[in-house]
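Student: Please take one part of this structure and go through it closely, in one connected account. I would like to follow the charged side chains and then the strands around them.

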Amino acid sequence: QVQLVESGGGLVQAGGSLRLSCAASGSIFSLMSMGWYRQAPGKQRELVAGITRGGSTNYADSVKGRFTISRDNVKNTVYLEMNSLKPEDTAIYYCNADISSVLGGRDYWGQGTQVTVSS
């Protein structure tokens with residue numbers, strides 16, 4: 001069984017910082033692309049940032065220059081460093097990973113972690 005477990009969400013004031021972590025566990029052969037998505041109330045889930053196994057990254061325009069995605073391939077973990085947070089960053093943040101395991105290759109999602117930015 002493969003699981004993604006997120007941590008690091010919380011309540012922060014505008015201008016503050018948070019660091020999200022997402023650890024993959026289980027019978028994993030390899031982690032391919034990984035990413036963070038978010039869903040605000042009444043809105044569709046959107047890609048925040050993605051990172052390939054080789055470390056290439058991409059970001060939503062709304063977070064460029066403020067958020068940084070990184071990964072540790074030994075720990076099977078992806079991180080999202082969020083700085084200069086704005087109230088509009090408030091959402092549930094979900095980790096996503098393309099994982100090859102004993103069950104085959106497929107996308108997995110974490111359970112989500114709430115990020116709330118107060119003005």
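Tutor: A good place to begin is E46, which is partly exposed, with a relative accessible area of 34%. The model is a predicted one, and the values that follow are to be read in that light. E46 forms a salt bridge with R38, and the closest N and O atoms of this pair are 2.7 Å apart. The partner differs in its setting, for R38 counts as buried at 6% relative accessibility, whereas E46, at 34%, is partly exposed. The pair also belongs to something wider, since R38, E46, R66 and D89 are linked in a network of salt bridges.

From there the account moves to R66, which is found in the loop between β6 (57-59) and β7 (67-72). Although it lies in a loop, R66 counts as buried because its relative accessibility is 10%, and the limit for that class is under 20%. Its side chain makes a polar contact with the side chain of D89, at 2.7 Å. Leaving out residues up to four places away in sequence, R66 touches E81, M82, N83, S84, L85, K86 and D89. Two of these, E81 and M82, fall within β8 (77-82).

The loop that holds R66 leads into β7, and this strand has two faces that should be kept apart. F67, I69 and R71 make up its covered face, while T68, S70 and D72 make up the uncovered one. This is the pattern to expect, because side chains in a regular strand alternate between the two faces of the sheet. On the uncovered face, T68 counts as partly exposed, at 42% relative accessibility. Setting aside neighbours within four places in sequence, T68 is in contact with Y59, Y79, L80 and E81.

β7 and β8 run antiparallel and are joined by six bridges. Two of the residue pairings can be named: T68 stands opposite E81, and the bridge partner of R71 in β8 is V78. The two strands form a hairpin with four residues between them, and in that hairpin N76 takes a positive phi near 50°.

These two strands are part of an open sheet of four, in the order β1-β3-β8-β7, with antiparallel pairing. β1 (3-7) and β7 stand at the edges of the sheet, each with a single partner strand, so one side of each is left without a neighbour in the sheet. Direction ignored, neighbouring strands of this sheet are turned by 15° against each other on average.

E81 returns here in a further role, for its side chain meets that of R19 in a salt bridge, at 3.7 Å from N to O. This pair links distant parts of the chain, with R19 in strand β3 and E81 in strand β8, 62 residues apart. R19 is partly exposed, with a relative accessible area of 46%, and E81 is likewise classed as partly exposed, at 29%. E81 thus appears in three settings: opposite T68 in the strand pairing, among the residues that R66 touches, and in the salt bridge with R19.

A search of the whole structure finds five salt bridges. Another of them joins K64 to D61, where the closest N and O atoms are 3.1 Å apart. Both K64 and D61 are exposed, in contrast to R66, which counts as buried at 10% relative accessibility.

It remains to set the strands against the nonpolar interior. The largest nonpolar core has 31 residues, and those with the most contacts inside it are W36, L80, M82, Y93 and I99. At least two residues of this core come from each of β3 (18-25), β4 (28-39), β5 (46-51), β7, β8, β9 (91-101) and β11 (113-118). The largest share, five residues, comes from β9. Among the core residues with the most contacts, M82 is also touched by R66, and L80 is also in contact with T68.

β9 holds a polar residue as well, N96, which is buried, with a relative accessible area of 6%. A polar atom of its side chain lies 3.3 Å from the backbone oxygen of Y108. With neighbours within four places in sequence left aside, N96 is in contact with L4, S33, M34, G35, Y37, D107, Y108 and W109.

Definitions and conventions
Residues numbered from 1 in each chain as written. Predicted model: local features only at pLDDT ≥ 70, side-chain atom pairs only at ≥ 80, totals over all residues. Heavy atoms only, no water. Buried < 20%, exposed > 50% of the residue type's maximum accessible area, 1.4 Å probe, protein only. Polar contact = N/O pair within 3.5 Å; in protein donor to acceptor, adjacent residues only side chain to side chain. Contact = heavy atoms within 4.5 Å. Core = buried A, V, L, I, M, F, W, Y, C linked by side-chain atoms within 4.5 Å. Pairing = 2+ DSSP bridges. Salt bridge = Lys/Arg side-chain N within 4 Å of Asp/Glu carboxyl O. Axes fitted to C-alpha atoms, helices over the stretch in contact; angles between N-to-C directions.
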